[in-house]
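Reader: I have a structure on the screen and do not know how to read its features. Where should I begin?

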Amino acid sequence: MVRLSFEHHQRKTSGRRVAIYGAGDMGALALRQLKMDKSLIYTPVGFIDDDRSKHGRNLQGLSVLESIDALENIIKKYRIEEIVVAIAAIQGDKLREVVKRCRKMNVVCRIIPSFSQLWAG
């Protein structure tokens, strides 16, 4: 029991610090997967969402921090190492801009495909 508790604590406090862009259904799903999959070594830090009414709210134990407009400040303040984009209907121009900004900050940007993209192959 002590070993399991130690391993759980160590996993939650170590690993790459990640923020999830999108505090909707896909973002919640991404967070659940990051928490459940023991092979993934990530520490979820918070959500980024453009819907200002979500800012400051809590989703599955994580805060919705700010909008993508504050990306660079969020990366610095929370020492983010990776961004997971979890928005099904993100526009191509917006996605390219997020990826570009992440690269500029030396932050990895991972994109979760929408379910329709997965089914389409």
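**Reading one helix, then the rest**

Author: Begin with helix α3. Its face turned away from the buried side carries the exposed residues Asn-73, Lys-76 and Lys-77. Keep in mind that this is a predicted model.

Reader: Which residues of α3 are buried?

Author: In α3, which spans residues 71–78, the buried residues include Leu-71, Ile-74 and Ile-75. They cover an arc of only 100° around the axis, which puts them on the same side of α3. The general idea is that an α-helix has 3.6 residues a turn, so residues three or four places apart point the same way.

Reader: What covers the buried residues of α3?

Author: The cover includes strands β2 (42–48) and β5 (82–85), together with helix α4 (92–104). Just after α3, Arg-79 has a positive phi of about 50°.

Reader: How do I read the strands? In which sense do β1 and β2 pair?

Author: Look at the direction of each strand and at the residues that stand opposite one another. Strand β1, residues 16–21, pairs with β2 in the parallel sense over six bridges. Ile-20 is opposite Phe-47 of β2. Between these two strands the chain passes through helix α2 (residues 25–36), and this β-α-β crossover is right-handed.

Reader: How many bridges join β1 to β5?

Author: Four bridges join them, and the two strands run parallel. Here Ala-19 stands opposite Ile-83 in β5.

Reader: How many helices and strands does the protein chain have?

Author: There are five helices and six strands. Read from the N terminus, the order is α-β-α-β-β-β-α-β-α-β-α. Of the contacts in the chain with a separation of 6 or more, 68% are between residues 24 or more positions apart.

Reader: What share of the 121 residues is buried?

Author: Buried residues make up 37% of them. The chain exposes about 7800 Å², of which carbon and sulfur atoms supply 54%.

Reader: Which element has the lowest mean pLDDT?

Author: The general idea is that where pLDDT is low, the predicted coordinates should not be read in detail. In this chain, helix α1 (residues 2–13) has the lowest mean among the elements, 44, and α3 the highest, 98. Over residues 1–12 the pLDDT is below 50, and beyond near neighbours in sequence this stretch has nine contacts in the model. The protein chain averages 86, with 83% of the residues scoring at least 70.

Conventions. Residues numbered from 1 in each chain as written. Predicted model: local features only at pLDDT ≥ 70, side-chain atom pairs only at ≥ 80, totals over all residues. Heavy atoms only, no water. Buried < 20%, exposed > 50% of the residue type's maximum accessible area, 1.4 Å probe, protein only. Arc of directions from axis to C-beta. Contact = heavy atoms within 4.5 Å. pLDDT = per-residue confidence, 0-100. Pairing = 2+ DSSP bridges. Right-handed = clockwise from strand over helix to strand, strands pointing away. Areas by Shrake-Rupley, 256 points an atom, 1.4 Å probe, with all protein chains shown as cover.
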